[in-house]
Amino acid sequence: MLAATVDACGTPPPPAVVTASTASVSTGSGFDGTYRGEAFPDQIIEGCGEASHAIILEVKGNRIWVRHSHALTGTVDPAGEVSMQNSDATSNLTGSIQGGVLKATETATRSPKKLQGFYVDSESTCTFAIQATRESGGDSDGAP
């Protein structure tokens, strides 16, 4: 049995979340599931890649993350609005889920490359259009 905790001000967590040490359990949402799709580069920019690539996202409760790469995690609000960010804020994803389809834009800053101590290109801001369709009711394996 997990026990609810309170913060320093004595405020308990929201009713959907119960915590025990660092673990949390949240109730499901209408958006829970596995979303599989493609990320397409908006422009051909050096260092950003020229081809689309597959992407799999998982939603459980109000949490969302990219499967196989927990670097990009975030939240889904009750209306289906998605907001994700990596730990150093060099990659952000915003979008929404409607009718089982997640549509989003990811903006990522790519650091310039060095060759023998000299930068051979400049920092790039890459933008990707993402569209993914819900496949299943979710897979909690690998949840961050």
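Ala89 is found in the loop between strand S7 (81–85) and strand S8. The model described here is predicted. In this loop, Ala89 has a positive phi of about 60 degrees, although the residue is not a glycine. Most residues other than glycine have a negative phi. Ala89 is partly exposed, with a relative accessible area of 42%.

The strands on either side of this loop were examined next. Met84 belongs to strand S7. Its relative accessible area is 2%, so Met84 counts as buried, the cut-off being under 20%. Beyond four places in sequence, Met84 touches Leu57, Ile64, Trp65, Val66, Leu72, Thr73, Gly74, Ser91, Asn92 and Leu93. One of these contacts, Trp65, is 19 residues away along the chain. The C-alpha atoms of Met84 and Trp65 are separated by 7.8 Å.

Strand S8 spans residues 91–98 and includes Ser96. Ser96 has a relative accessible area of 17% and is therefore buried, again by the limit of under 20%. With neighbours within four places in sequence left aside, Ser96 is in contact with Gly80, Glu81 and Val82. Val101, Leu102 and Lys103 are also among the contacts of Ser96.

Charged pairs were considered separately. The structure holds 2 salt bridges. Arg36 pairs with Glu135, and the closest N and O atoms of this salt bridge are 2.7 Å apart. Arg36 lies in strand S3 (residues 33–41) and Glu135 in strand S12 (residues 124–136), so the pair ties together parts that are 99 residues apart in sequence. Both partners are partly exposed. Arg36 has a relative accessible area of 40%, and Glu135 has one of 47%.

Glu58 and Arg67 form a salt bridge through their side chains, with an N to O distance of 2.4 Å. Glu58 is buried in the model, because its relative accessible area is 0% and the limit for buried is under 20%.

The search for pockets gave the following picture. The largest pocket has a volume of about 270 Å³. Its lining comprises 15 residues, and those closest to the pocket centre are Ile55, Val66, Ser69, Leu72 and Glu106. Two of the residues named here, Val66 and Leu72, also appear among the contacts of Met84. Three strands each supply at least two residues of the lining: S4 (53–60), S6 (69–76) and S9 (101–110). Strand S4 gives the most, with 4 residues. By class, the lining of the largest pocket has 7 nonpolar, 5 polar and 3 charged residues.

Confidence varies along the chain. The mean pLDDT of the protein is 76. A pLDDT of 70 or more is reached by 66% of the residues. Over residues 1–26, pLDDT stays under 50. The model has 27 contacts beyond four places in sequence for residues 1–26. Where pLDDT is low, the predicted coordinates should not be read in detail.

Key: Residues numbered from 1 in each chain as written. Predicted model: local features only at pLDDT ≥ 70, side-chain atom pairs only at ≥ 80, totals over all residues. Heavy atoms only, no water. Buried < 20%, exposed > 50% of the residue type's maximum accessible area, 1.4 Å probe, protein only. Contact = heavy atoms within 4.5 Å. Salt bridge = Lys/Arg side-chain N within 4 Å of Asp/Glu carboxyl O. 1 Å grid on protein atoms, 1.4 Å probe; cavity = no way out; pocket = protein on both sides within 12 Å on 5 of 7 lines; lining within 4 Å. Points joined across faces, edges and corners; volume = space filled by probe spheres on them. Nonpolar A, V, L, I, M, F, W, Y, C, P; charged D, E, K, R; others polar. pLDDT = per-residue confidence, 0-100.
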